Amino acid sequence: MKLIQIEDLLQKKNNILLYQEEVEDYYQLLSEKYKCILLREPTPLKYNLQKCVKCVSNEEDEVINKLNQPELRDKLLEELGDDILIIFFNHFQVLTWRSAHTLHTLWQSGQVLFFCSFNYHFKQEIYKFYQTFTLINKEEYEKDTGKNEINITYPLYLVVGILIFLAYLRSASTAAIATMLLGAAWFSFLMVRSMMYVGGKV
């Protein structure tokens with residue numbers, strides 16, 4: 001994705017996510033125009049919040065080091081005022097629920113944006129924070145994970161269900177057509193449901 005498109009996403013207050021790329025090159029490009037900080041890793045969270053506060057504040061290190069995480073978060077937002085800070089780090093997947101929640105509240109303030117990268121799947125517990133990101137190299141991610149492959153399982157189940165329906169019709173008695181049709185449809189439905197259940201467990 002071109003830099004101008006990334007900047008457009010940032011202007012819209014969207015967080016940016018990269019798959020299997022490092023954020024350092026983008027940091028070098030964007031730090032010339034925006035207030036940015038490169039953390040490299042998302043943990044430890046308290047240490048990173050201290051670095052962010054020191055980046056935007058003239059407060060003494062001794063004072064900053066005594067603050068706890070909620071105080072550091074509030075101090076950061078207070079010092080930013082109307083400015084926007086873009087926080088860069090790799091290894092998004094190592095975030096825990098607690099750290100992701102804290103970073104999410106920073107983003108919700110409208111004063112902090114994130115530019116991150118990840119290498120493999122992350123925990124479901126940080127999905128809410130992940131939803132605030134735009135994956136800018138989605139094609140590479142889908143190619144590596146097979147997310148864009150066509151799932152033919154359900155169409156296959158449908159075809160098999162129709163074949164079962166036709167086989168049932170052929171073998172059933174011709175004396176009671178109405179009952180036969182109803183029974184065939186119900187039997188096919190049960191077979192398809194059974195296949196979907198078993199297929200979903202494999």
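A polar contact, as I use the term, is a pair of N or O atoms within 3.5 Å, where one can donate a hydrogen and the other can accept it. I start there because the helix cap I want to show you rests on that cut-off. One caution before we go on: this is a predicted model.

Now the cap. At the N-terminal end of α5, a side-chain oxygen of Asn68 lies 2.9 Å from the backbone nitrogen of Glu71. That distance is within 3.5 Å, so Asn68 counts as a cap. At the other end, just after α5, Gly81 takes a positive phi of about 60°.

Between those two points is the helix itself. α5 has 12 residues, which at 1.5 Å a residue should span 16 Å, and its end C-alpha atoms are 17 Å apart, so expectation and model agree. Which residues of α5 are buried? They are Leu72, Lys75, Leu76, Leu77 and Leu80. The buried residues of this helix pack against β2, α3, α4, β3, α6 and β4.

There is a lysine in that list, so let me stay with Lys75 for a moment. Its relative accessibility is 14%. Lys75 forms a salt bridge with Glu59, and the closest N and O atoms are 3.1 Å apart. Glu59 sits in the loop between α3 and α4, while Lys75 is in α5, so the pair links parts of the chain that are 16 residues apart. Glu59 is partly exposed, at 31% relative accessible area.

A second salt bridge here is between Arg73 and Asp74, at 3.4 Å from N to O. Both partners are partly exposed, Arg73 with a relative accessible area of 23% and Asp74 with 43%. Salt bridges with shared partners also join Glu59, Lys75 and Glu79 into one network.

How many salt bridges are there in this model? The count comes to six. One of them pairs Lys33 with Glu7, at 2.8 Å from N to O. Lys33 lies in the loop between α2 and β2, and Glu7 is in helix α1, so this pair ties together parts that are 26 residues apart in sequence. Lys33 is exposed, with a relative accessible area of 60%, whereas Glu7 is buried at 13%.

Next slide: the interior. The largest nonpolar core has 32 residues, and the ones that touch the most other members are Leu76, Ile87, Phe89, Phe92 and Phe114. At least two residues of this core come from each of β1, β2, α3, α5, β3, α6, β4 and β5. Which element gives the most? That is α3, with five residues. A second, separate core has 16 residues, among them Leu18, Tyr27, Leu30 and Ile136.

Now β3, which runs from 85 to 89. Is this strand enclosed or open? Five of its five residues are buried, so β3 is largely enclosed by the rest of the structure. In a regular strand the side chains alternate between the two faces of the sheet. In β3, Leu85, Ile87 and Phe89 point one way, and Ile86 and Phe88 point the other.

As for the neighbours of β3, the strand pairs with β2 in the parallel sense over five bridges. In that pairing, Leu38 has Phe88 as its bridge partner. β3 is also joined to β4 by five bridges, again running parallel. There, the bridge partner of Leu85 is Val112.

Phe89 deserves its own list. Leaving aside neighbours within four places in sequence, Phe89 is in contact with Val23, Leu39, Arg40, Glu41, Pro42, Leu95, Leu103, Phe114, Phe115, Cys116 and Ser117.

Last residue: Leu18, in strand β1. Leu18 is one of the residues in the second core, and its relative accessibility is 0%, so it counts as buried. Not counting residues up to four places away in sequence, Leu18 touches Val23, Tyr26, Phe115, Cys116, Ser117, Phe118, Leu135, Ile136 and Asn137. Tyr141 is 123 residues away from Leu18 along the chain, yet their C-alpha atoms are separated by 9.1 Å.

To recap: α5 is capped by Asn68, Lys75 is buried and bridges to Glu59, and β3 pairs in the parallel sense with β2 and with β4. That is what I have.

Conventions:
Residues numbered from 1 in each chain as written. Predicted model: local features only at pLDDT ≥ 70, side-chain atom pairs only at ≥ 80, totals over all residues. Heavy atoms only, no water. Salt bridge = Lys/Arg side-chain N within 4 Å of Asp/Glu carboxyl O. Helix = DSSP H or I, 4+ residues; strand = E, 2+ residues; numbered from the N terminus. Buried < 20%, exposed > 50% of the residue type's maximum accessible area, 1.4 Å probe, protein only. Expected span 1.5 Å × (residues − 1). Contact = heavy atoms within 4.5 Å. Core = buried A, V, L, I, M, F, W, Y, C linked by side-chain atoms within 4.5 Å. Pairing = 2+ DSSP bridges.
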